[in-house]
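User: I am new to this structure and want to know the reasons behind the labels. Can you take me through them step by step?

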Amino acid sequence: MITTDICIIGAGPVGLFAVFEAGLLKMRCHLIDALPQIGGQLSEIYPHKPIYDIPGYPSITAQQLIDNQMEQIAPFHPTFTLGERVDQLQKLDDGSYYVIGTEGTVIHCQVVVIAGGLGCFEPRKPELENLERFEGQNVHYMVKNPERFRDQRIVIAGGGDSALDWTIFLADIAKEVTLVHRSDSFRGAPDSAEKVFNLAQDGKINLLLSHNLQKLDGNGTLESIHLLNKAKEEVIVPTDHFIPLYGLSPKLGPIADWGLTIDKNAIEVNTFDYSTNIERIFAIGDINTYPGKLKLILCGYHEAALMAQSAFKYVYPDQKLSFKYTTVNGINAF
């Protein structure tokens, strides 16, 4: 039995920031995650991916962000259960919860915070001939180690932020980068799209818009990818590696059976404090949904801050949340 104030399901960046916000209010946190390491999708899928929208960091890799956050929350001494998925939730007579993992771990807490990103996830795969034949060898649904592609020919497919960001990053590593997109415009950040267009104009990458994937080809190893352009003409691109980046397909897993209000694999929340329809259960980060929702790490940080303010009343029901300022040696302090 592990006893804590808040049990956070998900040890990604938003879950880690929830520890910080809770710690400021003297609330203890225990985090549980199905992945074997801290960091969620950032550490598991793209630890070397550059992130450009964290305040104070023009660019920071996903793993560097997680490392920095771990340093930030160290004073609050959070505890972790890793490599174990949450299976059951039991509400007790006093309003607190037992969170039970698949390996038998039981966490007794006053508040449950679901910060599981996309929940259980798997990459969305494109429909093209011979895809499975080259999986595990020349087809990569995520970029864990960019150095693997040094001096190699690569084809990236997709039109979102991941496809754009990796095209920009790998342009300085790979021998040849070709970005293929079925549309003539991108869904990702306009600034990233502009950088990609500039790279193409400078001859640093190949950009093939309005092209559809047809098949992969090669004798034992991948040698080329066949495309169909807007004029229905076949285009063959020689390549050593194929990186389709079409996002992740979310699956909530057992959380879907807890009685929460679900909309398209996301948990509906009240934006006052990101509480769910069940008392003492909150949902923050990519796993929640509400009008105007943006799936940004930064938005998850904001949600974590407001969640902690509201969770306080369940952990300390006899105390009123207030801040008093004083002056110590001429310096303002709490």
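Analyst: What follows is a set of questions about labels, each settled by a value and a cut-off. The model is a predicted one.

User: Let's start with the overall picture. How many helices and strands are there in the chain?

Analyst: The chain has seven helices and 25 strands. Its C-alpha trace spans about 70 × 50 × 35 Å along the principal axes. Of the 334 residues, 49% count as buried. The accessible surface comes to about 16400 Å², and carbon and sulfur atoms hold 49% of that area. Among contacts with a separation of 6 or more, 58% link residues 24 or more positions apart.

User: Why is Cys109 called buried?

Analyst: Buried means under 20% relative accessible area. Cys109 has 0%, so the label applies.

User: And what makes Cys299 count as buried?

Analyst: The cut-off is under 20%. Cys299 has a relative accessible area of 19%, so it counts as buried.

User: How do you know that Cys109 has no bond to Cys7?

Analyst: A disulfide needs two cysteine sulfur atoms within 2.5 Å. The closest cysteine sulfur to that of Cys109 is in Cys7, 4.9 Å away, so the pair is too far apart for a bond. A search of the whole structure finds zero disulfides.

User: Which strands stand at the edges of the sheet β1-β9-β8-β7, and why are they called edges?

Analyst: This is an open sheet of four strands with mixed pairing, in the order β1-β9-β8-β7. The edge strands are β1 (2–3) and β7 (86–91), because each has a single partner strand and one side left without a neighbour in the sheet.

User: What makes β1 and β9 count as a pair?

Analyst: Pairing takes at least two bridges. Two bridges join β1 to β9 (residues 106–109), and these strands run parallel. So the requirement is met. Within this pair, Thr3 stands opposite His108 in β9.

User: How do you know that helix α5 is largely enclosed?

Analyst: Seven of its ten residues are buried, so the rest of the structure largely encloses it. The helix covers residues 161–170. Its buried residues are Ala163, Leu164, Asp165, Trp166, Thr167, Ile168 and Leu170.

User: What covers the buried residues of α5?

Analyst: The cover includes β4 (50–51), β12 (153–157), β13 (176–181), α6 (190–201) and β18 (241–244).

User: What do β15 and β16 form?

Analyst: They form a hairpin, with six residues between the strands. Five bridges join β15 (residues 212–217) to β16 (residues 224–228), and the two run antiparallel. At least two bridges are needed for a pair, so these strands qualify. Asn212 stands opposite Leu228 in β16. In the turn, Gly220 has a positive phi of about 90°.

User: Leu222 lies in the loop between β15 and β16. Is it buried or exposed?

Analyst: Leu222 is buried. Its relative accessible area is 3%, and buried means under 20%, so the label follows. Leaving aside neighbours within four places in sequence, its contacts include Phe134, Asn138, Leu216 and His241. Phe242 is also in contact with Leu222. Those two are 20 residues apart in sequence, with 8.4 Å between their C-alpha atoms.

User: Which residue between β14 and β15 has a positive phi although it is not a glycine?

Analyst: That is Ser210, with a phi of about 55°. Its place is in the loop between β14 (206–209) and β15. At 14% relative accessibility, under the 20% cut-off, Ser210 counts as buried.

User: Why is Lys232 called exposed?

Analyst: Exposed means over 50% relative accessible area. Lys232 has 64%, so it is exposed. This residue is in the loop between β16 and β17 (234–238). Its phi is near 65°, a positive value in a residue other than glycine.

User: Why does Leu296 count as partly exposed?

Analyst: Partly exposed lies between the 20% and 50% cut-offs. Leu296 has 35% relative accessibility, so it falls in that range. Leu296 is in the loop between β23 (288–289) and α7 (297–315).

User: What kind of patch does Leu296 form with Leu294 and Leu298?

Analyst: The three form a nonpolar patch on the surface. Together they have about 240 Å² of accessible area. A patch residue needs over 30% relative accessible area. Leu296 has 35%, so it passes that cut-off.

Methods:
Residues are numbered from 1 along each chain as its sequence is written. This is a predicted model: local features need pLDDT of at least 70, side-chain atom pairs count only at pLDDT 80 or more; totals for chains, interfaces and linings use all residues. Side-chain values use heavy atoms; hydrogens and water are left out. Patches are made of residues with over 30% relative accessible area and no salt bridge: like charges are joined within 9 Å, nonpolar side chains (Val, Leu, Ile, Met, Phe, Trp, Tyr) within 5 Å. Accessible areas come from the Shrake-Rupley method with a 1.4 Å probe; for residues, only the protein chains shown count as cover. A salt bridge is a side-chain nitrogen of Lys or Arg within 4 Å of a carboxyl oxygen of Asp or Glu. Buried means under 20% relative accessible area, exposed over 50%, partly exposed in between (1.4 Å probe, protein chains only). Contact means heavy atoms within 4.5 Å.
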